[in-house]
Amino acid sequence: TQDNSKHAIVLIDSDTTSLTISWPEVPRARRYALEYTDATTNETNAYTVLSDKLTSTQARKRNLDPKHGPFTFRVRARDEVDFIGEMMTSDELNLLSEDEANSRMEAPLATAVGNCCAHVQWKKAHDNTFELQMREVQGGAAWQTIATSLKNTEARKRNLTSSALYQFRVRPNTTDSSDGNIPFSPPSNQVQALSISPGLARLFPRGGDGAMLLTKNNTAMTSMKLADALAGKVTMLYFSAHWCGPCRQFTPQLANYYNALKKSSNNVEVVFVSLDHDESSFNSYYKSMPWLAVPFDEDDHGNNVREDLQGRFSVNGIPRLVVLNAQGSVVEENAVGKDLNSILIRANSAI
């Protein structure tokens, strides 16, 4: 249940001439009436109507005069007939001074990475540590501090399980009492955290829970969680083996395509599913590949993921390249020798 009480309006951002605010969504509301008042208003409850036809739960008031601050906003929801719910108001809100605006950092850049995770980075403008805040981009959601003294200029926020978009902002911590608190940066771009779809996870034993894939750090093989590797991605399962002549011919072609694709897109991944007879052959063959791989051995729960995938897709001939969309549905049973660009367009159109 949303809190529709007084002071439900929250401040999202401010600069020297504008204020951006947000308020909780009201059930059954068709539009919102937004009003404001400033310090020059002499009459009690004398508000100026900004709009009575807003359909969003966020608004930005521009062209404000700092001399007229502070400013107070109020909003009320309407259905098809009349006002509904309680009047929502803000605290008194102030614009930034020119000095404050000049001292704050640039907006950070947020990128969805892995499973339910965002990578946030910002330019180093001070030698101090940094405070990082986050908010869900939904009506009335306030900023929350997620780190108070970061030393680096980047951070990862995990467990972003909401379907809402997220924003971040940052500011330096200052030890100089004469500086006061430097304002937070403007909000970052909006980003939606990715998660591995149930359909894709079900292709792996135990619904992909705890499943690992192999990747490479330079030439050394390391492990990576399945969910982090494939969240939100079109996945191509490459069934192949070193003993297979046609496979050895096709692998370099696919590797060239994959490397070129990665320069412009990161929403496609290839996973090598080996049909080699022994681990030594698997290791030797995988060294020539730039993508992920299913481990050759059984996992910690005794599941042979390679054999399970071979059976699930009825692999009786190789090379075989099965293309799955981000939901785990088969888009192409075998893309070997076919136009991969057109296949990936179909796969992405289903996301």
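**Buried cysteines, a three-stranded sheet and helix H6**

Cysteine 116 has a relative accessibility of 14% and counts as buried, because the cut-off for burial is under 20%. The model is predicted. Cysteine 244 is likewise classed as buried, with a relative accessibility of 5%. Neither residue can be assigned to a disulfide, because a search of the whole structure finds zero disulfides and a disulfide requires two cysteine sulfur atoms within 2.5 Å. For cysteine 116, the nearest cysteine sulfur belongs to cysteine 117. That sulfur is 8.8 Å away.

Strands E8, E9 and E12 form an open sheet. Their order is E8-E9-E12, and the pairing is antiparallel. Strand E8 spans 109-112 and strand E12 spans 154-157. Both are edge strands, each pairing on one side only. From one strand to the next, the twist averages 20 degrees. Strand E9 covers residues 118-121. Four bridges connect E9 to E8 in the antiparallel sense. In one bridge, leucine 109 is partnered by glutamine 121 of E9.

Glutamate 131 belongs to strand E10, which runs over residues 130-136. Its relative accessibility is 12%, so glutamate 131 counts as buried. The side chain of glutamate 131 makes a polar contact with the side chain of threonine 145. The distance is 2.9 Å. Neighbours within four places in sequence aside, glutamate 131 also touches Ala147, Thr148 and Asn173. Further contacts of glutamate 131 are with Arg169, Val170, Arg171 and Phe184. Thr145 appears in this contact set as well.

Helix H6 comprises residues 305-312. Its buried residues are Val305, Arg306, Leu309 and Gln310. Viewed down the axis of H6, these residues fall within an arc of 135 degrees, so they line one face of the helix. The cover over the buried residues of H6 includes two strands. One is strand E16, at 234-240. Another is strand E17, at 268-274. Serine 314 follows H6. The phi of serine 314 is positive, near 50 degrees.

Conventions. Residues are numbered from 1 along each chain as its sequence is written. This is a predicted model: local features need pLDDT of at least 70, side-chain atom pairs count only at pLDDT 80 or more; totals for chains, interfaces and linings use all residues. Side-chain values use heavy atoms; hydrogens and water are left out. Two strands pair if DSSP finds at least two bridges between them. Axes are lines fitted to C-alpha atoms, for helices over the stretch in contact, and angles run from 0 to 180 degrees between N-to-C directions. Buried means under 20% relative accessible area, exposed over 50%, partly exposed in between (1.4 Å probe, protein chains only). The arc is that of the directions from the helix axis to the C-beta atoms. Contact means heavy atoms within 4.5 Å. A polar contact is a pair of N or O atoms within 3.5 Å; within protein, one must be able to donate a hydrogen and the other to accept it, and residues adjacent in sequence count only if both atoms are side-chain atoms.
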